[in-house]
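Subject: Structure handover

Hello,

Here is the structure I said I would pass on. My notes on it follow below.

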Amino acid sequence: MISISLKNSRNQVVMFPDDDTQFQLVSVSGLDPVNANLNLSNVVGVDGSKFVSSKLTNRNIVILVQVNGDAEENRRLLYGRFPPKEKVRAIITDVNRDVYIDGYVESLSCNIFQNGMKAQISIICPYPYFKSTTDSIESDSNVDFSTESVDFTFQNAGEAPADLIAAVEFHSPVSYFILEGPNERMEFNYSFPGVGEILVDSESKTAILHKTGSADVNLIPYMTADSEFLKIPVGTSHIIMKVNDLPSFGASMRYRALYGGI
């Protein structure tokens, strides 16, 4: 059993369950893994071609629903909630997963002369992965940094590398701060004050220092040239956090699992 709800940019939600007096879900397409665009190059004198690069295409979700009850009123409700180019979030629930994906309404069509009126909503999702509706929190504790580094273990049960969100709270001056993952590393050349919080968000590509009693500091200009925002690989991996010798440190790390299909 699967249910889908759509939320527009004004936080108005319409649900499309299997059976309902207002809208009844008939079919949904676009929930499978999307196709890949392969960039191949021909090589003179060689059969076939050479692989250069690849990327996933946009996701196109098409929802077909039966318009029940007062068909005229409910049809116009859909027109008002989900006009073309409206930003929407599709929230999908089945027996195994609760996920969401963001996109834009490409079209909404409805044959008003059809017996048993049906409405079709086409949504284009530029980022093709479904995201879990809940965060996976791998560590949230007071950490002893007397050894200057701590190893955080992650178990990403998703189907693609996930963006890391790290929040670090300190109560003593910090002279350096480093995050090291399996494939990326981040280092900040900044003298952190005695009380504050660092928030690193790999999805939005931001690193902010929140200082008590003063304005926030954008830490991007203080990242070393070889720094990259960290991702959590699929399966078991480790993130190493390094700071100077401190008695305690508050740290939490989280991510949202990504899925290629439902």
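The structure, which is a predicted model, holds twelve salt bridges. One of them is formed by the side chains of E86 and R10, at 3.8 Å from N to O. E86 sits in the loop between α1 and β7, and R10 in the loop between β1 and β2, so this salt bridge ties together parts that are 76 residues apart in sequence. With a relative accessible area of 12%, E86 is buried, whereas R10 is partly exposed at 44%.

Another salt bridge joins R89 and D102, whose closest N and O atoms are 2.7 Å apart. It links strand β7, which holds R89, to strand β8, which holds D102, and the two residues are 13 apart along the chain. Both partners are partly exposed: R89 has a relative accessible area of 26%, and D102 has 28%.

The side chains of D163 and K231 also meet in a salt bridge, with 2.6 Å from N to O. D163 belongs to strand β13 (residues 162-163) and K231 to strand β20 (residues 231-232), so the pair ties together parts that are 68 residues apart in sequence. D163 counts as buried at 16% relative accessibility, while K231 is partly exposed at 30%. In addition, E180, R185, E187 and K242 are linked in a network of salt bridges.

Next, the aromatic rings. The count comes to five aromatic pairs. In one of them, the ring centres of F16 and F23 are 5.7 Å apart and the planes stand at 70 degrees, so the pair is edge-to-face. F16 and F23 are both buried. F177 and F188 form a stacked pair, with 5.9 Å between centres and 20 degrees between planes. Since F177 lies in strand β15 (residues 177-180) and F188 in strand β16 (residues 185-188), the pair ties together parts that are eleven residues apart in sequence. F177 counts as buried, at 1% relative accessibility, and F188 is buried with a value of 1%.

On the strands at the start of the chain: β1 (residues 3-8) pairs with β7 (residues 87-93) in the antiparallel sense over six bridges, and L6 stands opposite A90 in β7. β1 also pairs with β2 in the antiparallel sense, over four bridges. Here I4 stands opposite F16 in β2. β1 and β2 form a hairpin with four residues between them, and N11 in the turn has a positive phi of about 65 degrees.

Which residues of helix α1 are buried? In this helix (residues 71-81) they are N74, R75 and L78. Seen down the axis of α1, the buried residues fall within an arc of 105 degrees, so they line one face of the helix. E73 and R76, on the other side of α1, are exposed. The buried residues of α1 pack against β2 (13-16), β3 (23-29), β6 (59-67), β8 (98-110) and β9 (118-125).

A last note concerns Q22, which is in the loop between β2 and β3. Q22 is partly exposed, with a relative accessible area of 31%. Leaving out residues up to four places away in sequence, Q22 touches Q66, V67, N68, N74 and L77. The side chains of Q22 and N74 are joined by a polar contact of 3.2 Å. The C-alpha atoms of Q22 and G116 are separated by 12 Å, with these positions 94 residues apart along the chain counted as their distance in sequence.

Regards

Key: Residues are numbered from 1 along each chain as its sequence is written. This is a predicted model: local features need pLDDT of at least 70, side-chain atom pairs count only at pLDDT 80 or more; totals for chains, interfaces and linings use all residues. Side-chain values use heavy atoms; hydrogens and water are left out. Rings of Phe, Tyr and Trp (its six-membered ring) pair if their centres lie within 6.5 Å; planes under 30 degrees apart count as stacked, over 60 as edge-to-face and the rest as tilted. Buried means under 20% relative accessible area, exposed over 50%, partly exposed in between (1.4 Å probe, protein chains only). The arc is that of the directions from the helix axis to the C-beta atoms. Contact means heavy atoms within 4.5 Å. A polar contact is a pair of N or O atoms within 3.5 Å; within protein, one must be able to donate a hydrogen and the other to accept it, and residues adjacent in sequence count only if both atoms are side-chain atoms. Two strands pair if DSSP finds at least two bridges between them. A salt bridge is a side-chain nitrogen of Lys or Arg within 4 Å of a carboxyl oxygen of Asp or Glu.
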